Amino acid sequence: MRGPSLPLLLTAMSARECPAFSESVVILGLNAALQKRFVLPPSTDLVPGNVHRSVDVETGVGGKGQDVGVAMSILMDDGSSAEERRRENDRRVLLAQFLGGSSGDYVGDILAGRHGLSDELTVRNSAPLRTCTTIVGSASATELVEASGEISPSEMDVLRAKIDGLAEAGGKACAVCVMGSMPPGCPENTYADLTLRLADEDTIVLVDSVVGLGPLLESLASIYCGSSEDRSGGAVLKLNAAELCKLGGLSKDESVRVTSKELSDATLGFVAKYPAAGDALDYLLVTDGKFPGNVVAVPTGGEEGIRTTEVPVPDLSERGTLYPIGAGDTVAAGTLAAWQYLRHNRHNGGGEEESEEPFFGVVSSRVGERLASSRRREKTLDIATSFAFGLACGSASCLDRENSVFDVDDALGYFDGDERGGR
């Protein structure tokens, strides 16, 4: 049994009417941003050296971890107000982040006021928040990213203390999502250190970052050091095919679909480069742009060949202007939310006893029912079903200008194989 003793849990929950920390998804999104969208007129694309006038300028939430929080808030949305969702979902999704200056206040207000997300792991630091500007043209989107302000040792200490306090009172986190880069001032082992404070052998972890990857994999290997049969947690690394090939010592043209041999060779090269990967990770979740994704089982030694499962993606070629900024982060959010649901709700009828554990998590019951039904029908791995749902969410988010905002009906339509989404 994970988490604190029952009396302590009841005391913590009565003091604050919210879930224990052991039911939380914690997103390590240390490098937040204010997102600005500079929208060009229809049929106009960015031409370097030319003068461009916008038809619209929008501001909102940026940063990979923050995009995950926004996407998860949409999956949790049951039609209630943001304030009601914040009360009901407090600690269900927690963002570990630094927000500085007036822009940090603005982003924090959006995350809380519009998306109902708790600020319990937010540190108000002294450096102003960076701005990321997306120039949205008819055929492409160009991202301009400012440098981040430096995080001081004392500000990092504040974040560690916040995490330790919640873990001591409510147990280790249910799920951890490690997203993107770190601002200056964060040591290379920051993700490794924070993950050790957050996770145990029953925590599921999704990593969507190659920053500090070596120390992080070593930490994950120490967490999951026992037999996989003795733990209910595990970790996956999400990355695109070009990133995997680069880490594995290969070159890859991003416009061309990755081959089975490239996947196999890159995976073997990756494991050779990071010896801890075999104990740290269960799967690699490999995206490949408009081409199908792949779930790759991380070899632990002794296997012949690399086991892969192909996961299709929707064809969006007829959908007009697309807005891909934040789509990859939405894939991470949908994947982790679905994985959390499927791990805690084993009602697939495949010879396993239905769990008596009450449902909790990010996804709504109607999404959860579709996930369980798909797993039953397709007889796929939980992580393959989860990745398919994540890819559907990411595809749906390409239809909206705002980072990681999407229509859940579109995502469910794509997940069910309808190229029209839910529209």
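I started with strand β2 (residues 33-39) and strand β6 (residues 131-136), which run parallel and are joined by six bridges. Two strands count as paired here if DSSP finds at least two bridges between them. Helices (H or I, at least four residues) and strands (E, at least two) are DSSP runs, numbered from the N terminus. I picked valine 39 and looked across to β6, where its bridge partner is valine 136.

A note on what I'm looking at: this is a predicted model, where local features need pLDDT of at least 70, side-chain atom pairs count only at pLDDT 80 or more, and totals for chains, interfaces and linings use all residues. Residues are numbered from 1 along each chain as its sequence is written, and side-chain values use heavy atoms, with hydrogens and water left out.

**The open sheet**

I then followed the sheet outwards and got four strands in the order β3-β2-β6-β7, open, with mixed pairing. β3 (56-62) and β7 (141-145) are at the edges with a single partner strand each, so one side of each has no neighbour in the sheet. From one strand to the next the twist averages 20°. Helix α4 (residues 101-113) lies across β2 and β3, and I have it running at about 80° to β3. Axes are lines fitted to C-alpha atoms, for helices over the stretch in contact, and angles run from 0 to 180 degrees between N-to-C directions.

**Around β12**

Which strands does β12 pair with in an antiparallel way? I found five bridges to strand β11 (residues 283-288) and four to strand β13 (residues 308-311). Asparagine 294 is a handy marker in β12: it is the bridge partner of valine 286, and it stands opposite glutamate 310 in β13. β11 and β12 make a hairpin with two residues between them, and glycine 289 in the turn has a positive phi of about 65°. I also checked burial, and seven of the seven residues of β12 (residues 291-297) are buried. Buried means under 20% relative accessible area, exposed over 50%, and partly exposed in between (1.4 Å probe, protein chains only).

**Valine 256**

I looked up valine 256 in the loop between α8 (241-247) and α9 (260-273). Buried or exposed, or in between? Its relative accessibility is 45%, so I logged valine 256 as partly exposed. Leaving aside neighbours within four places in sequence, valine 256 is in contact with Asp288 and Phe291. Contact means heavy atoms within 4.5 Å. Its C-alpha is 10.0 Å from that of alanine 242, which is 14 residues away along the chain.

**Helix pairs**

Next I went through α11 and its partners. Helix α2 (residues 64-76) packs on helix α11 (residues 327-344) at an angle of about 50°, with the axes 8 Å apart. That makes α2 oblique to α11. Angles under 35 degrees count as roughly parallel, over 145 as roughly antiparallel, 65 to 115 as roughly perpendicular and the rest as oblique. The α2/α11 crossing is right-handed; that means the near helix is turned clockwise from the far one by less than a right angle, and anticlockwise would be left-handed. On the α2 side I listed Lys64, Asp67, Val68, Ala71, Met72 and Leu75, which meet residues of α11 including Asp329, Ala333 and Leu336. By class, this contact has eight nonpolar, two polar and three charged residues. Ala, Val, Leu, Ile, Met, Phe, Trp, Tyr, Cys and Pro count as nonpolar, Asp, Glu, Lys and Arg as charged, and the others, Gly among them, as polar.

The axes of α11 and α13 come within 7 Å and cross at roughly 145°, again with a right-handed crossing. Among the residues in that contact are Trp339 and Arg343 of α11 and Phe387 and Leu391 of α13. I have ten nonpolar, eight polar and two charged residues there.

**Helix α6**

In helix α6 (residues 190-198) the buried residues are Thr190, Tyr191, Ala192, Leu194, Thr195 and Leu198. Their cover includes β1 (25-28), α5 (153-170), β8 (175-179) and α7 (213-223).

**Whole chain**

To finish, I noted 14 helices and 13 strands. Of the 423 residues, 56% count as buried. Among contacts with a separation of 6 or more, 73% come from residues 24 or more positions apart.
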